[in-house]
Amino acid sequence: ASPTAAPKADPKNFDTRSATTVEQINTLLATAKAVEPYTVTIRPTRASGWVYLRWLPSKNSRQIATFGANYQLTVIAELKDWYQAVDPATGRVGFVYKSYIQ
């Protein structure tokens with residue numbers, strides 16, 4: 001017998017902040033819309049807080065950089081709740097949750 005196909009992931013049916021399965025991440029990445037690059041400013045929820053650049057668009061994903069308030073990144077793509085961004089100082093590319101950006 002062949003394996004049963006898993007139901008297709010739908011970004012509306014999972015918390016896009018904490019996507020955990022490969023299918024959820026792939027579904028989320030498929031929604032990315034390339035944009036003309038533009039600059040955004042980091043805005044942590046607390047003035048002394050930090051915002052993470054993550055490997056994938058999930059709060060469960062590995063952190064690849066940490067930024068304090070007022071640090072600037074360049075957005076290169078937009079997803080539902082995430083930006084794909086580049087750190088102009090290092091060239092690192094990752095994802096930042098939209099609510100931490102102004």
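**Close-up 1. Trp-82, Tyr-97 and Tyr-100 come together as one aromatic cluster.** Everything shown in these views comes from a predicted model. Searching the whole structure turns up four aromatic pairs. In one of them, the ring centres of Tyr-38 and Tyr-83 are 6.4 Å apart with the planes at 90°, so this pair is edge-to-face. Tyr-38 belongs to strand β1 (residues 33-41) and Tyr-83 to strand β5 (residues 82-86), so their pairing ties together parts that sit 45 residues apart in sequence. Tyr-38 counts as partly exposed, at 27% relative accessibility, while Tyr-83, at 16%, counts as buried. Back in the cluster, the rings of Trp-82 and Tyr-97 have centres 5.2 Å apart and planes at 75°, so they also make an edge-to-face pair. Here too distant parts of the chain are linked, with Trp-82 in β5 and Tyr-97 in strand β6 (residues 93-97), 15 residues apart. Both Trp-82 and Tyr-97 are buried.

**Close-up 2. Two charged side chains sit over aromatic rings.** Lys-59 lies over the face of Tyr-97, 4.7 Å from the ring centre. Over at Trp-55, the charged end of Arg-62 is placed above the ring, with 5.3 Å to its centre.

**Close-up 3. Strands β5 and β6 form a hairpin.** The two strands pair in the antiparallel sense, over five bridges. Look across from Tyr-83 and you find Val-96 of β6 standing opposite. Six residues lie between the strands, and in this hairpin Gly-91 takes a positive phi near 85°. How much of β6 is buried? Four of its five residues are, so the strand is largely enclosed by the rest of the structure.

**Close-up 4. Helix α1 has a buried side and exposed residues on the other.** The helix covers residues 22-30, and its buried residues are Gln-24, Ile-25, Thr-27 and Leu-28. These four span an arc of only 160° around the axis, which puts them on the same side of α1. An α-helix has 3.6 residues a turn, so residues three or four places apart point the same way. On the other side of α1, Val-22 and Ala-30 are exposed. What lies over the buried residues of the helix? β5 is included in the cover.

**Close-up 5. The largest nonpolar core holds 20 residues.** Those touching the most other members are Ile-42, Leu-53, Phe-67, Leu-73, Trp-82, Val-96 and Ile-101. At least two core residues come from each of β1, β2 (51-54), β3 (63-67), β4 (72-78), β5 and β6. In soluble globular proteins, nonpolar side chains tend to be buried together. Zoom in on Ile-101: setting aside neighbours within four places in sequence, this residue contacts Val-40, Thr-41, Ile-42, Arg-43, Tyr-83 and Val-96.

**Close-up 6. Ile-76 has its place in strand β4.** Is Ile-76 buried, exposed or partly exposed? At 27% relative accessibility, Ile-76 counts as partly exposed. Its C-alpha atom is separated by 7.2 Å from that of Val-86, which is 10 residues away along the chain. Val-86 is also one of the contacts of Ile-76 when neighbours within four places in sequence are left aside. The others on that list are Lys-33, Ala-34, Val-35, Pro-37, Gln-84, Ala-85 and Val-93.

Key. Residues numbered from 1 in each chain as written. Predicted model: local features only at pLDDT ≥ 70, side-chain atom pairs only at ≥ 80, totals over all residues. Heavy atoms only, no water. Phe/Tyr/Trp six-rings, centres within 6.5 Å; stacked < 30°, edge-to-face > 60°. Buried < 20%, exposed > 50% of the residue type's maximum accessible area, 1.4 Å probe, protein only. Lys NZ or Arg CZ within 6 Å of the ring centre and 35° of its normal. Pairing = 2+ DSSP bridges. Arc of directions from axis to C-beta. Contact = heavy atoms within 4.5 Å. Core = buried A, V, L, I, M, F, W, Y, C linked by side-chain atoms within 4.5 Å.
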